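Subject: Structure handover

Hello,

Here is the structure we spoke about, with my notes below it. Please read them with the model open.

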Amino acid sequence: MVKVKTSIEEIEQYRPGETVEETAHRVELDVSEIIKLASNENVLGPSPAAVQAIISGVDRVNTYPTVDAIHLRSEILSHLGEGFLIENIVCGNGSDGVIEALVHLFIEDGDEAIIPIPTFSFYELVVRMHGGRPVFLTRDSEFGFSSDEIISKVTDRTKLVFIASPNNPTGNSIDEQTLRDLLESLDAMIILDEAYIEFSSKPSLNRLVLEYDNLAVIHTFSKAYGLAGMRVGYGVIPGWLFPYYTRATPPFAVNTLAEAAAIAALRDEKHLERTKKMVEDGKKFLTTEIPFKVYPGDANFVLVDTSPLTSREVTEALKPMGIIVRDCAGFRGMGDSFIRITIGRREDNRRVVEALRKIKNRVI
Ligand SMILES: *Cc1c(COP(=O)(O)O)cnc(C)c1O
């Protein structure tokens, strides 16, 4: 029989979490009684302008989208500020699409990618898909790491370093000086994933791309912009990389409706501001009211240490109360007492706090 590549055979099967429907069925609740705060989606929904753009674009789906999402890239360019050129922007099928393209460009069989853990699991998966070897660095008790710790993991096979900032699921960010030290010391590409940057009080580090030729900064429309289902994201990359990127990736990675929706979402500053305000207020509330240790972080979720209870006990106890959160035990290096809760509307957050209080009182 024909065999698939060994590198693919060795990848562990991805097991997605329970859907809202499955949970509803199992705990005998109606779907409408359940709130899902497990995937850091925008609970306010997409921008109404993005919805309109999708509806208006439907009539045009008989034609191919623009090559290399040129309309969206122009719009992004106008939001980036001084100094950037259109060659500094690439778009993809979700930011996952951009990340995969970069791995495809740099990783050959046996090449290494350094990944500080716990973090977003997709990095490890996509490195393995391309025959590469993930090299893990365990973050400290506050989930930070030093540039020296990264440098100590470098070998002559190191091609990439993945840094999510704010990090998922821990919420903390890298400081600019640590990133600069790495960019100056390493002969490897650093992929800085700013999926949650809109929620941070610290500015994006996009502009460092203009100073260093080994940095790519990744962004998504899936979180603050509420378009997770449209699958669209972008990368800010050094100009020298652009011709290679377009050679190595399909020209129509972003579909017509996703491009139209993303442009409209970028222009709808009001929806973004509403979203950020909701997250900021909700984070303060959850951080003070949740009866466990909370790591507020810089993203649209909080990380909660549920010990002495396990994360599994708490996530399972929340389900019959109609609340789905993320059990972080599945994140490599995270231990078994952390849950990640996406910040919701005021009434969602109240329900979460009440439920966690009940669970804690029940057992302690
Ligand atoms: C959610 C998330 C993304 C977004 O991925 P998309 O493919 O754009 O939906 C990227 N990176 C991190 C760290 C995330 O948590």
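Buried here means under 20% relative accessible area. Asparagine 42 has 10% relative accessibility, so this residue counts as buried. Keep in mind throughout that the model is predicted.

**Asparagine 42**

Asparagine 42 sits in the loop between strand E1 (35-37) and helix H3 (48-57). What does asparagine 42 touch, not counting residues up to four places away in sequence? The list is Lys223, Ala224, Gly226, His271, Thr275 and Met278. Look at glycine 226 in particular. Its C-alpha atom and that of asparagine 42 are separated by 4.8 Å, with the two residues 184 apart along the chain.

**Glutamate 198**

This one deserves a look. Glutamate 198 is in the loop between E6 and E7. The residue is buried, yet has no salt bridge. Where is the nearest side chain of opposite charge? That is lysine 276, 8.1 Å away. Lysine 276 is still among the contacts of glutamate 198, along with Thr220, Ala224, Tyr225 and Leu272, leaving aside neighbours within four places in sequence. Ala224 also touches asparagine 42.

**Helix H8**

H8 covers residues 176-185. Its buried residues are Thr178, Leu179, Arg180, Leu182 and Leu183. They pack against H7 and three strands: E5 (158-164), E6 (189-193) and E7 (215-220). As background, an α-helix has 3.6 residues a turn, so residues three or four places apart point the same way.

**Salt bridges**

The count comes to 19 salt bridges. Some of them follow.

Arginine 231 pairs with aspartate 96, with the closest N and O atoms 3.8 Å apart. Arginine 231 lies in the loop between E7 and strand E8 (233-236), and aspartate 96 in helix H5 (residues 94-106), so the salt bridge ties together parts 135 residues apart in sequence. Both ends are partly exposed: arginine 231 has a relative accessible area of 28%, and aspartate 96 has 22%.

Arginine 332 and glutamate 124 also meet in a salt bridge, at 2.7 Å from N to O. This pair links distant parts of the chain, 208 residues apart. Arginine 332 is in the loop between strand E11 (323-327) and strand E12 (338-342), while glutamate 124 is in helix H6 (residues 122-129). Buried or partly exposed: which applies to arginine 332? Arginine 332 is partly exposed, with a relative accessible area of 40%. Glutamate 124, at 16% relative accessibility, counts as buried.

Glutamate 316 forms a salt bridge with lysine 319, the closest N and O atoms being 3.1 Å apart. Glutamate 316 counts as partly exposed at 26% relative accessibility. Lysine 319 counts as buried at 12%.

There is a network too. Glu176, Arg180, Arg207 and Glu211 are joined into one by salt bridges that share partners. Arg180 is one of the buried residues of H8.

**Surface patches**

A negative patch is formed by Asp140, Glu142, Asp148 and Glu149. Glutamate 142 is in the loop between strand E4 (133-138) and helix H7 (147-151). Its relative accessible area is 52%, so glutamate 142 is exposed.

A nonpolar patch of about 340 Å² is made by Tyr64, Val67 and Phe252. Valine 67 belongs to the loop between H3 and helix H4 (70-80).

**Backbone points to check**

- Isoleucine 117 and proline 118 are joined by a cis peptide bond, with omega about 0°. Proline 118 is in the loop between strand E3 (112-117) and H6.
- The peptide bond from serine 307 to proline 308 is cis as well, with omega near 15°. Proline 308 is in the loop between strand E10 (301-305) and helix H12 (311-318).
- Aspartate 68 is not a glycine, but has a positive phi of about 50°. This aspartate is in the loop between H3 and H4, and is partly exposed, with a relative accessible area of 24%.
- Phenylalanine 143 is not a glycine either, and has a positive phi of about 70°. Phenylalanine 143 lies in the loop between E4 and H7, and counts as buried at 7% relative accessibility.

Best wishes

Notes: Residues numbered from 1 in each chain as written. Predicted model: local features only at pLDDT ≥ 70, side-chain atom pairs only at ≥ 80, totals over all residues. Heavy atoms only, no water. Patch = residues over 30% accessible without salt bridge, like charges linked within 9 Å, V, L, I, M, F, W, Y side chains within 5 Å. Areas by Shrake-Rupley, 256 points an atom, 1.4 Å probe, with all protein chains shown as cover. Salt bridge = Lys/Arg side-chain N within 4 Å of Asp/Glu carboxyl O. Lys, Arg positive; Asp, Glu negative; His and termini not counted. Charge placed at Lys NZ, Arg CZ, Asp CG, Glu CD. Helix = DSSP H or I, 4+ residues; strand = E, 2+ residues; numbered from the N terminus. Buried < 20%, exposed > 50% of the residue type's maximum accessible area, 1.4 Å probe, protein only. Contact = heavy atoms within 4.5 Å.
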